[in-house]
Amino acid sequence: MTRKENTRVIYPGTFDPITNGHTSIIERASAIFGEVRVAIAGNPSKKTMFTLAERETFARVVTEHLENTSVSSFSGLLVDFAKQIDINILVRGLRTTADFEYENSLADVYRKIVPSMESVFLTPTNEKYRYLSSTIVREIAIHGGDTTPFVHTFVANALDRKRDQI
Ligand code: ADP
């Protein structure tokens, strides 16, 4: 596949923490597009387990091997951040029909605010990512389970340390 070298995309999310499912989407987006900007929400509506700085570090560690991928954080509206860095294509992951309902309405809202804003959806390539979410990973960690099948070792170690603090 030839990469669309001039096409830059944003992959936004909370990434609390970033999972192998997220990483798979980033790797595939980086093979399709010229530049992928992972954008971490600094002020999500939900309370996060990890600080913005921690979530950014995780994303940097897991994307180290991708030369056309970088990590930023943003606060405020995603569409404003997108405008600021001059990117009008968002990549989002679609696991289930529930994701579809949510992501579809989100894409509609973004398009209403910025008509040129496009959303591109990637579905998991592997069944094992279909039910994987940051929420599940946090639950496993809190209850003493092994998170290494689901996240990078660096993240799994951070989850272990976090559990010890609780
Ligand atoms: P948000 O809080 O904005 O929904 P998340 O950090 O939970 O952000 O996820 C960011 C994006 O990645 C969303 O589009 C979500 O649907 C997608 N995603 C999350 N987990 C997976 C996965 N296991 N496989 C594919 N896409 C995923």
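This is a chat between a trainee and a mentor about pockets, salt bridges and backbone features in a predicted model.

Trainee: Before I start, what kind of model is this?

Mentor: It is a predicted model, where local features need pLDDT of at least 70, side-chain atom pairs count only at pLDDT 80 or more, and totals for chains, interfaces and linings use all residues. Residues are numbered from 1 along each chain as its sequence is written, and side-chain values use heavy atoms, with hydrogens and water left out.

Trainee: Great. How much space lies in the largest pocket?

Mentor: About 970 Å³. On a 1 Å grid over the protein atoms alone, a pocket is an open set of points with protein on both sides within 12 Å along at least five of seven lines, while a cavity is a set where a 1.4 Å probe fits but cannot get out. Lining residues have an atom within 4 Å of a point. For volumes, grid points are joined across faces, edges and corners, and the space filled by probe spheres set on the points is taken.

Trainee: And which residues lie nearest the centre of that pocket?

Mentor: Pro12, Gly13, Thr14, Lys46 and Arg92, out of 39 lining residues. The elements giving two or more residues to this lining are β1 (4-13), α1 (20-32), β4 (89-93), α4 (97-113) and α6 (134-142). Of these, α4 gives the most, with five residues. Helices (H or I, at least four residues) and strands (E, at least two) are DSSP runs, numbered from the N terminus.

Trainee: How does the pocket lining divide by class?

Mentor: There are 17 nonpolar, 14 polar and eight charged residues. Ala, Val, Leu, Ile, Met, Phe, Trp, Tyr, Cys and Pro count as nonpolar, Asp, Glu, Lys and Arg as charged, and the others, Gly among them, as polar.

Trainee: Back to Lys46. Is lysine 46 buried or exposed?

Mentor: Lysine 46 is exposed, with a relative accessible area of 54%. The cut-offs are under 20% for buried, over 50% for exposed, and partly exposed in between (1.4 Å probe, protein chains only). You'll find lysine 46 in the loop between β2 (33-41) and α2 (52-62).

Trainee: Changing tack: what about closed cavities of 30 Å³ or more, how many does a search find?

Mentor: One in the whole structure, with a volume of about 30 Å³. Its lining is made by Leu90, Arg92, Glu103, Leu106, Ala107, Tyr110, Ser119 and Phe121. Here too α4 gives the most, with four residues, and the classes come to five nonpolar, one polar and two charged.

Trainee: Okay, salt bridges. How many does the structure hold?

Mentor: Twelve, where a salt bridge is a side-chain nitrogen of Lys or Arg within 4 Å of a carboxyl oxygen of Asp or Glu. Take arginine 8 and glutamate 35, whose closest N and O atoms are 3.0 Å apart. This pair links distant parts of the chain, with arginine 8 in strand β1 and glutamate 35 in strand β2, 27 residues apart. Glutamate 35 also meets arginine 37 in a salt bridge (3.7 Å, N to O).

Trainee: How exposed are those three?

Mentor: Arginine 8 is partly exposed at 27%, and glutamate 35 is partly exposed at 22%. Arginine 37 is buried, with a relative accessible area of 16%.

Trainee: Which salt bridge is there in helix α2, say at glutamate 56?

Mentor: Glutamate 56 pairs with arginine 60 (3.4 Å, N to O). Because they are four residues apart in helix α2, glutamate 56 and arginine 60 are separated by about one helical turn. Glutamate 56 counts as buried at 18% relative accessibility, whereas arginine 60 is partly exposed at 42%.

Trainee: Last topic, the backbone. Which peptide bond is cis around proline 17?

Mentor: The one from aspartate 16 to proline 17, with omega near 0°. Proline 17 is in the loop between β1 and α1, and phenylalanine 15 lies in the loop between β1 and α1 as well. Phenylalanine 15 has a positive phi of about 50° although it is not a glycine, and it is buried at 3% relative accessible area.

Trainee: Why flag those at all?

Mentor: Because most residues other than glycine have a negative phi, and most peptide bonds are trans. Aspartate 86 also has a positive phi, of about 60°. Aspartate 86 sits in the loop between α3 and β4 and counts as exposed at 63% relative accessibility.
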